Amino acid sequence: MITLGAEDEVAARYTISDSVTLEGIRTWVPDFHFCTDGMDVDVAEYLYGRGLTDEQLADFGIGWGEVRTPRTGRLLNGGVPWVVVPVVMNGKLCGVQARCPDKFVTENAIRYWIHPGMRKRSVVYNIDSAREFGVAVVCEGVFDVFNVGAPGVCCFGHTPSVTQQAILGTLDKGLIWLPDNENRPDLDTTAEASKLAAVFNSDGRFPLGAHVVKLPAKDAGEMSRQNIWATILSSVDAPMAAYIEKNILPNL
């Protein structure tokens, strides 16, 4: 499958807004519609099939629509409806990521698309919400975040960039890492996460520390919220577990 991102459209020129409004989002994806205002049947089938609820669709501002490249105006995947996720950080709209429903992902189709105006290695998805808890649960993708809930964040990849590490460092309590379980000969995601957590802990960056939690599934996107948090609670130390039980679980 093909992934099209900023690297493919470096010469693009476009005008985009940082306003977290329907009008602002439509400067990035002109055909954007909030799912809560009604969905295309294929988009609804895909999202509900992945276990998302109407409450999650509302909480994360998830939308849908046709996606065009801003430079050429070409409709991606022939104009099929995409799931579109606004990326907000520091109260401003920083970009969008789109996911094509699986039924439309043929051999030469694009599965994921990130608007070239979004510098994906310079943002942390959902960090504003996580800051309210003081703790972020770091995942790889937005669908993992949807299942984790309000403290979930994603860095759009296996290893956070230096800029993303600095953003994560603005949390005032701690980190919980949920690396994907992938059988890749070239990358041990759990080992990479553990190395970075060790650096944070040696620096004393977080009062409650940085913790790496190995999930029983491939990723959080394949687990229920209840099972994710049960796994986290059984894996972290007593101070972090007590903080989660008092300050996070009652507010999920």
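Visitor: In this predicted model, what makes Glu45 and Lys103 count as exposed?

Guide: The term exposed is kept for a relative accessible area over 50%. Glu45 carries that label, and Lys103 carries it as well.

Visitor: Why is the contact between Glu45 and Lys103 called a salt bridge?

Guide: The term requires a side-chain nitrogen of Lys or Arg within 4 Å of a carboxyl oxygen of Asp or Glu. The N to O distance between the side chains of Glu45 and Lys103 is 3.5 Å, and therefore the pair qualifies. This pair links distant parts of the chain: Glu45 belongs to helix α2 (residues 41-49), Lys103 to the loop between β5 (92-99) and β6, and 58 residues separate them.

Visitor: How many salt bridges does the structure hold, and what makes Arg111 and Asp102 one such pair?

Guide: There are nine salt bridges in the structure. The closest N and O atoms of Arg111 and Asp102 are 3.0 Å apart, a value within 4 Å, so the pair meets the criterion.

Visitor: Why are Arg111 and Asp102 called partly exposed?

Guide: Partly exposed covers the range between under 20% and over 50% relative accessible area. Arg111, at 23%, falls in that range, and Asp102, at 42%, does too.

Visitor: What makes Asp128 and Arg131 a salt bridge, and where do the two residues lie?

Guide: Their side chains meet at 3.4 Å, N to O, which is within 4 Å and therefore satisfies the definition. Both residues are in helix α4, three residues apart, or about one turn of the helix. Asp128 has a relative accessible area of 22% and is therefore partly exposed; Arg131, at 29%, is likewise partly exposed.

Visitor: Which residues are joined into one network by salt bridges that share partners?

Guide: The network consists of Asp42, Glu45 and Lys103. Asp42 is found in helix α2.

Visitor: Why is Asp42 called buried or exposed?

Guide: Asp42 has 18% relative accessibility, which is under 20%, so Asp42 counts as buried. Once neighbours within four places in sequence are left aside, Asp42 is in contact with Pro81, Lys103 and Phe104. Each of these contacts involves heavy atoms within 4.5 Å.

Visitor: What makes Met118 count as buried, and which residues is Met118 in contact with?

Guide: The relative accessible area of Met118 is 1%, under the 20% limit, and therefore Met118 is buried. Met118 lies in the loop between β6 and α4. Apart from neighbours within four places in sequence, the residues in contact with Met118 are Trp28, Val87, Cys94, Gly95, Val96, Val123 and Phe156. The C-alpha atoms of Met118 and Asn108, which are 10 residues apart along the chain, are separated by 24 Å.

Visitor: What is noted about the backbone of Asn77 and of Asn126?

Guide: Asn77 has a positive phi of about 55° although it is not a glycine. Asn126, also not a glycine, has a positive phi of about 70°. Asn77 is in the loop between β3 (63-65) and β4 (82-89), whereas Asn126 is in the loop between β6 (110-114) and α4 (127-133).

Visitor: Why are Asn77 and Asn126 called buried?

Guide: The cut-off is under 20% relative accessible area. Asn77 has 19% and therefore counts as buried; Asn126 has 13% and is buried as well.

Visitor: How do you know that the radius of gyration of the protein chain agrees with that of a compact globule?

Guide: For 252 residues, a compact globule would have a radius of gyration near 18 Å, and the protein chain has 18 Å, so the two agree. The C-alpha trace spans about 50 × 40 × 35 Å along its principal axes. The protein chain has nine helices and 10 strands.

Visitor: What share of the residues counts as buried, and what share of the contacts comes from residues 24 or more positions apart?

Guide: Of the 252 residues, 50% count as buried. Among contacts with a separation of 6 or more, residues 24 or more positions apart account for 63%.

Visitor: What area does the protein chain expose, and how many side chains are positive and how many negative?

Guide: The protein chain exposes about 11,500 Å², of which carbon and sulfur atoms supply 49%. There are 22 positive and 31 negative side chains, and the centres of the two sets lie 5 Å apart.

Notes
Residues are numbered from 1 along each chain as its sequence is written. This is a predicted model: local features need pLDDT of at least 70, side-chain atom pairs count only at pLDDT 80 or more; totals for chains, interfaces and linings use all residues. Side-chain values use heavy atoms; hydrogens and water are left out. Helices (H or I, at least four residues) and strands (E, at least two) are DSSP runs, numbered from the N terminus. The radius of gyration is taken over C-alpha atoms; the globule rule is 2.2 Å times the number of residues to the power 0.38. Buried means under 20% relative accessible area, exposed over 50%, partly exposed in between (1.4 Å probe, protein chains only). Accessible areas come from the Shrake-Rupley method with a 1.4 Å probe; for residues, only the protein chains shown count as cover. Lys and Arg count as positive and Asp and Glu as negative; His and the chain ends are not counted. The place of a charge is taken as NZ of Lys, CZ of Arg, CG of Asp or CD of Glu.
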